[in-house]
Amino acid sequence: MIDGIRQALNQTLKGKQDVVEKVIACVLARGHILLEDLPGLGKTTLAKALSTAIGGDFARVQCTPDLMPSDVTGFNMFNQKSREFEFVPGPVFSDVLLADEINRATPRTQSSLFEAMAERQVTIDKHCHRLSESFFVIATQNPVDSHGAYPLPEAQLDRFAMRLSIGYPAKENEIEMLASNIHRGDRERADVEAVLTPRQLHKLQNHVSQVHIETNLLRYMVELAEFTRNRSEVTLGVSPRGLLTLQRVAQAWAHLNGRDFVTPDDIQEMAHPVLSVRLSGEFDDSAELIEEMLRTVPVPVTRG
């Protein structure tokens, strides 16, 4: 099943195997992804291909300053015939939600996704509505200094598992993309079929959560977090939620690499995309800080 998802996404996003692997790891870890990139690099196509591959529903929200929270979560509407209020579900009632240019929405609208992303439910007029078990958010973000952008608050960023960038494709992959698009007409760039159902995905996610991780690796992750919390230039270090996210993503990465146990390499490989989204402070580049952290904190020896 994993190979089927790999094939579908690599067919859609040519030459970006590393991005595809991290997206799959994020899905298996029940996380959400923040994409910081330029327009036209395949973010929407990736989200649609993913929703089709897992046999789920796709929804898209174009975030603008006038977008209201009810446009995202849904609302109650009075039915004149039945003389009762009826709930009209919003786009969060999908399996894969693309929140395009999320930081163009106002903080109030951004906060409407808090409960949905963290607990997979929304509360409207004191009534709780459950979302899909496979609910997955792919959000795109404009540069903070662009016109009409509202910086995402730390609480919102901490609900994303990873921050990724797709980047431009290599010349050979771009030529292949152009050639494959000839005679396609209005069809998508790649024909993707469902390789599993949302129920099967949920079982797979539960299986990944059982991947073994030794106690000394748990201690290693805590020491990585303490490194960020004790630096004077870091105003917001890795939170306990961030550690739980790192653990789940490392388990997913181990599973993708054919192992039923986590190694230090899994944690180090996932440190950049997972921690970069949740570190803030007076430093120029979070990547440099994370590299220093990985060099400084002693790596434990594992039996695996």
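**Asking how we know**

Biologist: K126 lies in the loop between β6 and β7 (127-130). Why is K126 called exposed in this model?

Modeller: This is a predicted model, to begin with. K126 has a relative accessibility of 82%, and the cut-off for exposed is over 50%, so K126 counts as exposed. Its phi is also near 70°, a positive value in a residue other than glycine.

Biologist: R120 is another non-glycine with a positive phi, about 55°. What makes R120 buried?

Modeller: R120 is found in the loop between α6 (114-119) and β6 (121-124). Its relative accessibility is 7% and buried means under 20%, so R120 counts as buried.

Biologist: And R219, why is that one called partly exposed?

Modeller: The relative accessible area of R219 is 48%. Partly exposed is what lies between buried, under 20%, and exposed, over 50%, so that label fits R219. R219 sits in helix α10, and its C-alpha is 8.9 Å from that of P300, although the two are 81 residues apart in sequence.

Biologist: On to S94, in the loop between β4 (84-89) and β5 (96-100). How do you know that S94 is buried?

Modeller: S94 comes out at 4% relative accessibility. The limit is under 20%, so S94 is buried.

Biologist: What makes the pairing of S94 with P91 a polar contact?

Modeller: The side chain of S94 reaches the backbone oxygen of P91 at 2.9 Å. That falls within 3.5 Å, so the distance test is passed. Beyond its neighbours within four places in sequence, S94 is in contact with D57, F58, A59, S132 and F135.

Biologist: Helices next. How do you know that the buried residues of α9 line one face?

Modeller: The buried residues of α9 (198-208) are L201, L204, Q205 and V208. Looking down the axis, they fall within an arc of 100°, so they line one face of the helix. R199 and K203 are exposed on the other side of α9. The buried residues pack against α1 (2-12), α2 (17-28) and α11 (240-256).

Biologist: What puts the buried residues of α13 on the same side?

Modeller: In α13 (286-296) the buried residues are S286, L289, I290, M293 and L294. They cover an arc of only 135° around the axis, which places them on the same side of α13. The face turned away from that side carries the exposed residues E288 and R295. As for partners, the buried residues of α13 pack against β9 (162-164), α10 (215-229), β10 (234-236) and α12 (264-275).

Biologist: Which residues touch the most other members of the largest nonpolar core?

Modeller: Of its 66 residues, those are L9, L28, L50, M162, I267 and M293. Apart from that core lies another, of 24 residues, among them V92, I124, F135 and A139.

Biologist: What does L28 touch, not counting residues up to four places away in sequence?

Modeller: L28 touches I2, L201, L204, Q205, V208, A252, H255 and L256.

Biologist: Last one: how many cavities are counted, and what lines the largest?

Modeller: The count is three cavities of 30 Å³ or more. About 50 Å³ of space lies in the largest cavity, which has a lining of V61, C63, L67, V72, L97, A99, I102, A105, T109, Q110, S112 and L113. β5 and α5 (107-111) each supply at least two residues of that lining.

How values were computed. Residues are numbered from 1 along each chain as its sequence is written. This is a predicted model: local features need pLDDT of at least 70, side-chain atom pairs count only at pLDDT 80 or more; totals for chains, interfaces and linings use all residues. Side-chain values use heavy atoms; hydrogens and water are left out. Helices (H or I, at least four residues) and strands (E, at least two) are DSSP runs, numbered from the N terminus. Buried means under 20% relative accessible area, exposed over 50%, partly exposed in between (1.4 Å probe, protein chains only). A polar contact is a pair of N or O atoms within 3.5 Å; within protein, one must be able to donate a hydrogen and the other to accept it, and residues adjacent in sequence count only if both atoms are side-chain atoms. Contact means heavy atoms within 4.5 Å. The arc is that of the directions from the helix axis to the C-beta atoms. A nonpolar core is a set of buried Ala, Val, Leu, Ile, Met, Phe, Trp, Tyr and Cys residues joined through side-chain atoms within 4.5 Å. On a 1 Å grid over the protein atoms alone, a cavity is a set of points where a 1.4 Å probe fits but cannot get out, and a pocket is an open set with protein on both sides within 12 Å along at least five of seven lines; lining residues have an atom within 4 Å of a point. Grid points are joined across faces, edges and corners, and a volume is the space filled by probe spheres set on the points.
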